Amino acid sequence: MMISTKGRYALRILLDIAASAAETEYISLGDVALRQEISMKYLEAIVASLARAELVESKRGKAGGYRLARPADAISVADVVKAAEGGISPVACPECDGVSCSRAGNCLTVDLWKHLDNMIEHCLSAVSLADLLSGRNLSEIFREI
């Protein structure tokens, strides 16, 4: 599985918003774009997918911008990657996505891909934005899962 720049930037954007404001404050996308060195056009496209996934909420006007839709400890890395990438499956295999495949009865690798998919999901779901912001040791988190 390769997480694209869209997925990596989505995580950076949410971490920037979480770190830059109190829960009730809205952050300007222009400020995020400057701090994260991401073009405004690309940033807007990413934030649109984050808004559709209800990870951020917006407010128009002078004091407007974006803020997290939930507390940072309630947003996992899996939530972010799924919103940005459309999923986190390690392979583009129809059977692994739960859709019928003409080779399903003969596929010797389907269990491997399903297991890997579950491991990735479990790993990314165990880490929240708050964990990353706090600098929590990821080895500790992974030992707990």
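1. Accessible areas are obtained by the Shrake-Rupley method with a 1.4 Å probe. On that basis, the chain has an accessible surface of about 8700 Å², and carbon and sulfur atoms account for 52% of this surface. The model under discussion is a predicted one.

2. Overall architecture. The chain contains 7 helices and 2 strands. Read from the N terminus, the order of these elements is α-α-α-β-β-α-α-α-α. Along the principal axes, the C-alpha atoms occupy a box of roughly 60 × 35 × 25 Å.

3. Burial and contacts across the chain. Of the 145 residues in the chain, 37% are buried. Among contacts with a separation of 6 or more, 61% join residues that lie 24 or more positions apart.

4. The length of helix H3. Does the span of H3 agree or disagree with its number of residues? Helix H3 covers residues 40-52, which is 13 residues. At 1.5 Å a residue the expected span is 18 Å, and the end C-alpha atoms are 18 Å apart, so the two values agree.

5. The two sides of helix H3. Which residues of H3 are buried? They are Leu-43, Ile-46, Val-47, Ser-49 and Leu-50. Viewed down the axis of H3, these buried residues fall within an arc of 155 degrees, and therefore they line one face of the helix. A general rule is useful here: an α-helix has 3.6 residues a turn, so residues three or four places apart point the same way. On the other side of H3, Lys-41 and Arg-52 are exposed.

6. The surroundings of helix H3. Against which elements do the buried residues of H3 pack? Their partners are helix H1 (5-20), helix H2 (29-36), strand E1 (56-59), strand E2 (65-68) and helix H4 (77-85). After H3 comes Glu-54, which has a positive phi, near 60 degrees.

7. The largest nonpolar core. This core holds 35 residues. The members that touch the most others are Ile-13, Leu-14, Leu-43, Leu-50, Leu-68, Val-80 and Leu-129. At least two residues of the core come from each of H1, H2, H3, H4 and helix H5 (110-125). The most is given by H1, which supplies 8 residues.

8. Ile-13 as an example. With neighbours within four places in sequence set aside, which residues are in contact with Ile-13? The contacts are Val-32, Ile-38, Leu-43, Ile-46, Val-47 and Leu-50. Several of these names have appeared already: Leu-43, Ile-46, Val-47 and Leu-50 are among the buried residues of H3.

Definitions and conventions:
Residues are numbered from 1 along each chain as its sequence is written. This is a predicted model: local features need pLDDT of at least 70, side-chain atom pairs count only at pLDDT 80 or more; totals for chains, interfaces and linings use all residues. Side-chain values use heavy atoms; hydrogens and water are left out. Helices (H or I, at least four residues) and strands (E, at least two) are DSSP runs, numbered from the N terminus. The expected span of a helix is 1.5 Å times one less than its number of residues. Buried means under 20% relative accessible area, exposed over 50%, partly exposed in between (1.4 Å probe, protein chains only). The arc is that of the directions from the helix axis to the C-beta atoms. Contact means heavy atoms within 4.5 Å. A nonpolar core is a set of buried Ala, Val, Leu, Ile, Met, Phe, Trp, Tyr and Cys residues joined through side-chain atoms within 4.5 Å.
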